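Work through the exercises below with the structure open beside you. Each one sets a task and is followed by a solution in steps.

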Amino acid sequence: MAFWARQISIWYLSVKTNSVANSIQQLRKTHRTWMQLHELSVLSFLCTDNHFPQHGLKTYRSVSLGSRLQSTNSNNGQILSEETNLLSPVNHYQQQAEVIPSSDTKTLYEVWEDTPPSSALEEISEEEAVQIVAEPPLPLGSFTLQDYVDRSETLSQLVLLGVDLSKVEKRPNAGQLLLRLDFEKDIRKRLLFLKDVGVEDNQLGPILTQNPYILAVDMEALETRVAYLKSKKFGKEAVARMVSRAPFLLSFSVERLDNRLGFFQKELGLSVQKTRDLVVSLPRLLTGSLEPIKENWQVCQVELGFRRNEMQHIVSKIPKILTANKRKLIETFDYLHNVMGIPHHILTNFPQVFNSKLLRVKERHMFLTFLGRAQYDPAQPSYISLDKLVSMPDEVFCTEIAKASVKDFEKFLKTL
Amino acid sequence: MAAGRAARTGLNGLFAVYKPPGVASIRVRDSVETLLLKELNSLEQPAVQQQVRFLPNTVEGNAGKELTLTVTQLPVLAAHPLVRGPELTHLKIGAGHRLDTKSSGVFVLGVGHGNKLLTDMYNAHFTRAYTVRGLFGKATDDFSDTGRLIEKTTFDHVTRDKLERILAVIQGTNHKALLMYSNIDLKTQEAYELAVERLIRPMEKTPPLITAIRCLQFAPPEFQLEIQCMHETQQYLRKVVHEIGLELKSTAVCTQVRRTRDGCFTLDNALLRTHWNLQNIRNSIRDSKVKVKVELQRSLGHQARRGKRHTDTDQVAESE
């Protein structure tokens, strides 16, 4: 803005003193910069204020006035701008030119037309020579942030923080948002806020990769939402955990969060403490859609035939069952109950089986049947508990549970 | 780029995996591709490119502060993996003869340049071997034990002897069809040479043909057959089981179809799901290179010579 102010003051001076010679010289200088501006404005359309990465050096206000255009021309901050927008910065300048006191505008324009265009062989001072930037022009429209990351301080800082820009640019409008933001003004505040909430440094990168839109949320809104969560008696570590594991949490309004918590309490019939534990262990429940959860709840009660208290126990232990694929859940249960013959109460005690892949359970069960060791009833001898069946890796399973070698298991798998 | 090419050097050829039952073969191919990509992308990344930049700096000069340019070497962030994305996003993995969802067994996949060998293998018309398990006493609409039940019959009268008689009849009729489709005149020297090397088989598209069939186990109601065939589908094999049941004046359904050999790839070469990683696949490709080359030369070489001889005799006939 300083440069712009200087320009206006120069014109004002030239108008005030009304000495044509003086004004011609001033205008020559401004015209030269004007030509440079004209070239650079259409080329460096999207430079932000902070042109170069800091890296411990002073920021340099470059000649490219595209940055001024950026800040003044709020309508045209689009990466993928149309052809018409290309002309608008120049038009904008002409509009600005009209703001100058109209009494001497005519003289101004007359003088302007007489000045010859600047030549490349004109002598300029050392300082100006150093200030000339000879980098290739930035593309006007691009589908990737790769082209802008070296020239934009915001993007460079985000990359150093650990944000995966290749994933962020795939999200709708996220790339434009990041380019428009300024690291010092907008992003730093929000990162410090997240750190206050308790998020670790190495988590900031993944959170921003998943939810770059959090940088566009108002600071007051963020604070209200965290205050709401604390008012519901979620501890500090709990809130930090929830924010790290569900990056979209703070983009939800307070009413929405309230609705979700109320739903879990009423529908699942859990106590307040248990709802809190459930949400802390799987914060995704608050950010995902509620329809599949309702469906899964109904499926478990009606089709699978679990009683309400059994369901509550399962859900407290393995909340993932609420977001699991309905068809796979039914298939797994069908195999466990009908083929393996496991009754409901044992399944309630070991709900981890619903988490594992059906193929794994099938293979291991068939191997145990082949060996004659498929005994899942605790009352009988040589009983095998279900959690050991699914959670152990292959070597441990073979040696301890099946009491056979891994080679035998592989040979058996090839006969299936 | 160079790292990607170096990583893919060993990955050009054919290898076999063991497809488990209940999974579509396209899913198997996709999961192999995803696993390989994950491993390749996590290998050693080259250092990020550096670029020499001239950055302005204010230094204390003779006349107060001066603007000069300092030379610094900065990393080019556009080449950073977080900005560029993963190096490899796609691998050319082709599938050989597919298996349907319910069956299992040896499934040949080709990587990179090996996909060309897949076409050659298809044109060489190799035979494949299956073990098929069946169950007497039921008949369903899709010939397998998970279909809708249509009929239930008794099977006490079925003995191993009767079964083997039926199998011999099937083998005989199929053998005649094989000879007919091979387009060979059995009274020539060429036919003798081919028979000695066991290469008499049709070298073009034909209906499914069973080259050999025998009974491995017989414990009513269950039985197990070994079938060597070509140009078949798994559903055809299930239909064969159903027809065997009908011939024996009972009914049968097929419980398991398992491919034990596809061309020169057997069960020993097939990699299990737990062994799907880069090192094992590289080893498997290396081991099977020579075998595949020899087999293809045998089949396609003979095919070329047969074609040449046919044209020679035609020319001789025309000139006369």
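How much accessible surface does chain A have, and what percentage of it belongs to carbon and sulfur atoms?

The accessible surface of chain A comes to about 22,000 Å², and 53% of that area belongs to carbon and sulfur atoms. Such areas come from the Shrake-Rupley method with a 1.4 Å probe, and for residues only the protein chains shown count as cover.

Before going further, note that this is a predicted model, in which local features need pLDDT of at least 70 and side-chain atom pairs count only at pLDDT 80 or more, while totals for chains, interfaces and linings use all residues. Residues are numbered from 1 along each chain as its sequence is written, chains are lettered from A and ligands numbered from 1 in the order in which they are written, and side-chain values use heavy atoms, with hydrogens and water left out.

**Exercise 1. Describe the make-up of each chain.**

Begin with secondary structure, where helices (H or I, at least four residues) and strands (E, at least two) are DSSP runs numbered from the N terminus. Chain A has 25 helices and zero strands, whereas chain B has eight helices and 12 strands.

Next, take burial, where buried means under 20% relative accessible area, exposed over 50%, and partly exposed in between, with a 1.4 Å probe and protein chains only. Of the 416 residues in chain A, 46% are buried, and of the 320 residues in chain B, 42% are.

**Exercise 2. Find what surrounds helix H12 of chain A.**

First list the buried residues of this helix, which spans residues 201-210: they are Leu204(A), Gly205(A), Ile207(A), Leu208(A) and Thr209(A). Then look for their cover, which includes helix H8 (153-161) and helix H14 (236-245) of chain A.

Now turn to H8(A), whose buried residues include Leu155(A), Leu158(A) and Val159(A). The buried residues of H8(A) pack against several helices of chain A, among them H12, together with helix H3 (81-84) of chain B; a contact here means heavy atoms within 4.5 Å. Finally, H8(A) is followed by Gly162(A), whose phi is positive, near 115 degrees.

**Exercise 3. Classify two aromatic pairs.**

Rings of Phe, Tyr and Trp (its six-membered ring) pair if their centres lie within 6.5 Å, and planes under 30 degrees apart count as stacked, over 60 as edge-to-face and the rest as tilted. By this rule there are 10 aromatic pairs over all chains.

The rings of Phe263(A) and Phe264(A) have centres 5.4 Å apart and planes at 70 degrees, so this pair is edge-to-face. Phe263(A) is buried, with a relative accessible area of 13%, and Phe264(A) is buried at 0%.

The pair of Phe333(A) and Phe354(A), in contrast, is stacked, with 6.4 Å from centre to centre and 15 degrees between the planes. Phe333(A) lies in helix H20 (residues 326-339) of chain A, and Phe354(A), 21 residues apart from it, lies in the loop between helix H21 (344-349) and helix H22 (358-371).

**Exercise 4. Locate the nonpolar patch on chain B.**

A patch is made of residues with over 30% relative accessible area and no salt bridge (a side-chain nitrogen of Lys or Arg within 4 Å of a carboxyl oxygen of Asp or Glu); like charges are joined within 9 Å, and nonpolar side chains (Val, Leu, Ile, Met, Phe, Trp, Tyr) within 5 Å.

The patch consists of Val52(B), Phe54(B), Leu69(B) and Val71(B), with about 410 Å² of accessible area together. Strand S2 (50-61) and strand S3 (64-75) of chain B each supply at least two of its residues. Phe54(B) belongs to strand S2, and Phe54(B) counts as exposed because its relative accessible area is 56%.
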